[in-house]
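Visitor: I would like to walk through how the helices pack here, and then look at the empty space between them. Could you guide me?

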Amino acid sequence: MSWIAQALLAVSVSLPLQAQEAEKTILDRSPQEWSVAQEGRWKDWDADVTPPENVRPYLVQAIQSYREGHMTGTLEALFGLLAIEPDYPSALHQAGVVYFRLRRYGDAILAFERYLHVAPQRLGDTRALAHCYYTLGRYGEAQAHYEKVLAINPESAEARRGYGLCFMRLGDPERALIELRTVLEIEPTHANAATWIAQVLFDEDRVEEALEAGELARDLDPYEPRPWFLLSQIYYVLDRDEDGDGAKLRFDDLNRIAQELRAAEARLLYDPTQAGVYQRLISLHRQAGNLREVGSTLVRWLKVEPQSMDIRVAMLNLAEEMGDPDRAAALADGLHKVAGDSETAWFALLRYYATQRDRVKQIEAEGELARIKAAGK
């Protein structure tokens, strides 16, 4: 077992005061505050080697907070670590990842560039740095960095996609198409790459080709609004007005939902324990008809509230709704193991066993419900 796994199984870590004090102001702080290590301090650093003992509590807290979706908690631990061990490479990298997720791209760039300075051999870890450059409109820098990352990992679909988009932004649509089509060769289900292929083709007045790519993008991800908008434009150009109107209506609906989803997801980045936000996400995904994302949201919510029987029951019901008997059976088995004195859980299991015609377990569930009700009198 790795040192990380061992530490995460241990009791909760109590960090020194300086990390705890950061809680109130962590989002107001900047990577520019970080002290600089002596040149060459980490030249022999190896990501696979157990870290120094003094940084382990901070790393464990950062890993735990990140797994829980608590980005501010992760930053608190990383700032504390970098205060006692300036430029510790894995802390710099993780801070870059967190800032990227928080859409603080300037701060992410500072963290990733510091990471590359102290650990230049880890360039392959910094695809997100190119994403940051691209998002801020620094397309030349993004392109150059994607190229370096691809030299190390040519099969990185996301780096290849970003690389292709840089060519598009810098006025080379043919090269953009080459790179984006390579993304689909690497990852045939990459809907975003298909969408951008359709956009480039449409912009180049290659409408029939754009239609084929746009319909592929829609089929790969029918809940993403952009392909529907692009298809509406293509259909209108092809005088397929009825299809265009239908695609536009679907875009309007999905675009509204997508905006609300982004806002809700942003709230969870700062506090992943908000039950009401998970409920809103589930409602929005259901409005879109995206039951798979309903399931993913329930799984995330259960990690925050592992004792919740309501969430487990909702997961079981969803598996049945989606026609996934193997998943439903596994969820029912898991619910049975933890049902205890939960009337909610045993009632759900009673209904499930009845639909499965499992008379033995149905009788067991009926008995448990009777026991719980009798105890409550």
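Guide: Gladly! This is a predicted model, and a good place to start is helix H3 (residues 56-67) with helix H4 (residues 71-84), whose axes come within 8 Å and cross at roughly 165 degrees.

Visitor: Are H3 and H4 roughly parallel or roughly antiparallel?

Guide: Their axes cross at roughly 165 degrees. Angles over 145 degrees count as roughly antiparallel. H3 is therefore, relative to H4, roughly antiparallel.

Visitor: How many charged residues does the contact of H3 with H4 have?

Guide: On the H3 side the contact includes Tyr58, Leu59 and Gln61, and on the H4 side Met71, Gly73 and Thr74 are among the residues. By class there are 9 nonpolar and 5 polar residues, and the number of charged ones is: none.

Visitor: What is the handedness of the crossing of H12 and H13?

Guide: Helix H12 (residues 207-220) and helix H13 (residues 225-237) have axes that come within 9 Å and cross at roughly 150 degrees. That angle makes H12 roughly antiparallel to H13. As for its hand, the crossing of H12 and H13 is left-handed.

Visitor: Which class, nonpolar, polar or charged, has 10 residues in the contact of H12 with H13?

Guide: From H12 come residues including Val207, Ala210 and Leu211, and they meet a set in H13 that includes Pro227, Trp228 and Leu231. Glu215 and Arg218 of H12 take part too. The contact has 1 polar and 2 charged residues, and the class with 10 is nonpolar.

Visitor: Are H9 and H11 roughly parallel or roughly antiparallel?

Guide: Helix H9 (residues 157-169) and helix H11 (residues 191-203) have axes 11 Å apart and pack at an angle of about 15 degrees. Angles under 35 degrees count as roughly parallel. So the arrangement of H9 and H11 is roughly parallel.

Visitor: Which residues of H11 make the contact with H9?

Guide: H9 brings Arg161, Leu165, Met168 and Arg169. By class, the contact of H9 with H11 has 4 nonpolar, 1 polar and 2 charged residues. The H11 side is made by Asn192, Trp196 and Val200.

Visitor: Now the empty space: which helix gives the most to the lining of the largest pocket?

Guide: About 1900 Å³ of space lies in this pocket. Its lining has 24 nonpolar, 10 polar and 16 charged residues. With 8 residues (the helix itself spans residues 241-270), the one that gives the most is H14.

Visitor: Which of the 50 lining residues are the closest to the centre of the largest pocket?

Guide: The lining as a whole includes 16 charged residues. The closest to the centre are Arg103, Asp221, Glu224, Arg262 and Glu265.

Notes:
Residues numbered from 1 in each chain as written. Predicted model: local features only at pLDDT ≥ 70, side-chain atom pairs only at ≥ 80, totals over all residues. Heavy atoms only, no water. Axes fitted to C-alpha atoms, helices over the stretch in contact; angles between N-to-C directions. Helix = DSSP H or I, 4+ residues; strand = E, 2+ residues; numbered from the N terminus. Parallel < 35°, antiparallel > 145°, perpendicular 65-115°, else oblique. Contact = heavy atoms within 4.5 Å. Nonpolar A, V, L, I, M, F, W, Y, C, P; charged D, E, K, R; others polar. 1 Å grid on protein atoms, 1.4 Å probe; cavity = no way out; pocket = protein on both sides within 12 Å on 5 of 7 lines; lining within 4 Å. Points joined across faces, edges and corners; volume = space filled by probe spheres on them. Left-handed = near helix turned anticlockwise from the far one by under 90°.
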